[in-house]
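Thank you all for making time this morning. I would like to walk you through one structure, and I will go slowly, so please have the picture open as I speak.

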Amino acid sequence: ITSNTINFGNLSTGAPKYASSTNTAGDTSDVVAHSLLVGTNAPSGYSITVVGATLTSQQNSANTINAIGATPAVSAIGTEQFGIYATKSGGVNGTIATPYVTPSSFGYDASATTTKTFATGSSSTNTETYALHYIANIASLTEAGNYSTSLVYVGTANY
């Protein structure tokens, strides 16, 4: 992973915010937040999974920003949304799982207790790079607070 920390900065109801690893205020345009790199000599490839809660208030853990879910969606200003999409380069056979595969459409269907497949490869491969994009939108009734999450990506060789 190219960066362990990414930032959205302050969110507003009037525009989406995109996570950035280089700008603590986040970005107002869709950017790559960080990248995952994977390579394996395993004959049956690899799998990458993700687990972690959606954005959660540090003041009151009952307050969250809704994860987009298993169906990819475009940015909807004024609606609570947290999601990811990825693009892939390099390697020979990596496949991004739904809901993360559609550029400019975001999804997130993992949770703090539910691990989901993020990407898979079907054979050995040189380095494949997954560029991750994150979005956050809030509604006018979203509770004020400092929101954060910790997502864990796990790459496993399939022998």
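I will begin with the sheet, go on to the cores, and finish with two acidic residues.

Please keep in mind throughout that what you see is a predicted model. Let us start with an open sheet of four strands, whose order is β7-β9-β3-β12 and whose pairing is antiparallel. Which strands stand at the edges? They are β7, covering 95-96, and β12, covering 152-157, and because each has a single partner strand, one side of each is left without a neighbour in the sheet. Elsewhere in this sheet, β3 and β9 pair in the antiparallel sense over five bridges, and if you look for S47, you will find that its bridge partner in β9 is T120. As background, strands of a sheet pair through backbone hydrogen bonds, and they can do so in a parallel or an antiparallel way.

Now to the cores, where it helps to remember that nonpolar side chains in soluble globular proteins tend to be buried together. The largest nonpolar core here has 26 residues, and those with the most contacts inside it are I48, I84, F118, Y130, L132, Y134 and Y153. At least two residues of this core come from each of β2, β3, β6, β9 and β10, and β10 gives the most, with four residues. There is also a second, separate core of five residues, among them Y18, I68, F106 and I135.

Let me turn to the first acidic residue, E80, which sits in the loop between β5 (69-73) and β6 (81-90). Is E80 buried or exposed? E80 is buried, and yet it has no salt bridge, since the nearest side chain of opposite charge, that of K17, is 16 Å away. What, then, does the side chain of E80 meet? It makes a polar contact of 2.7 Å with the side chain of T142, and one of its polar atoms lies 3.2 Å from the backbone nitrogen of N66. Leaving aside neighbours within four places in sequence, the residues in contact with E80 include I65, N137, I138 and E143.

The other acidic residue is D27, in the loop between β1 (17-18) and β2 (34-40). D27 counts as buried because its relative accessibility is 18%, and the cut-off for buried is under 20%. The side chains of D27 and S20 are joined by a polar contact of 3.3 Å, and, not counting residues up to four places away in sequence, D27 also touches P16, K17 and Y18.

Conventions
Residues numbered from 1 in each chain as written. Predicted model: local features only at pLDDT ≥ 70, side-chain atom pairs only at ≥ 80, totals over all residues. Heavy atoms only, no water. Buried < 20%, exposed > 50% of the residue type's maximum accessible area, 1.4 Å probe, protein only. Lys, Arg positive; Asp, Glu negative; His and termini not counted. Salt bridge = Lys/Arg side-chain N within 4 Å of Asp/Glu carboxyl O. Polar contact = N/O pair within 3.5 Å; in protein donor to acceptor, adjacent residues only side chain to side chain. Contact = heavy atoms within 4.5 Å. Core = buried A, V, L, I, M, F, W, Y, C linked by side-chain atoms within 4.5 Å. Pairing = 2+ DSSP bridges.
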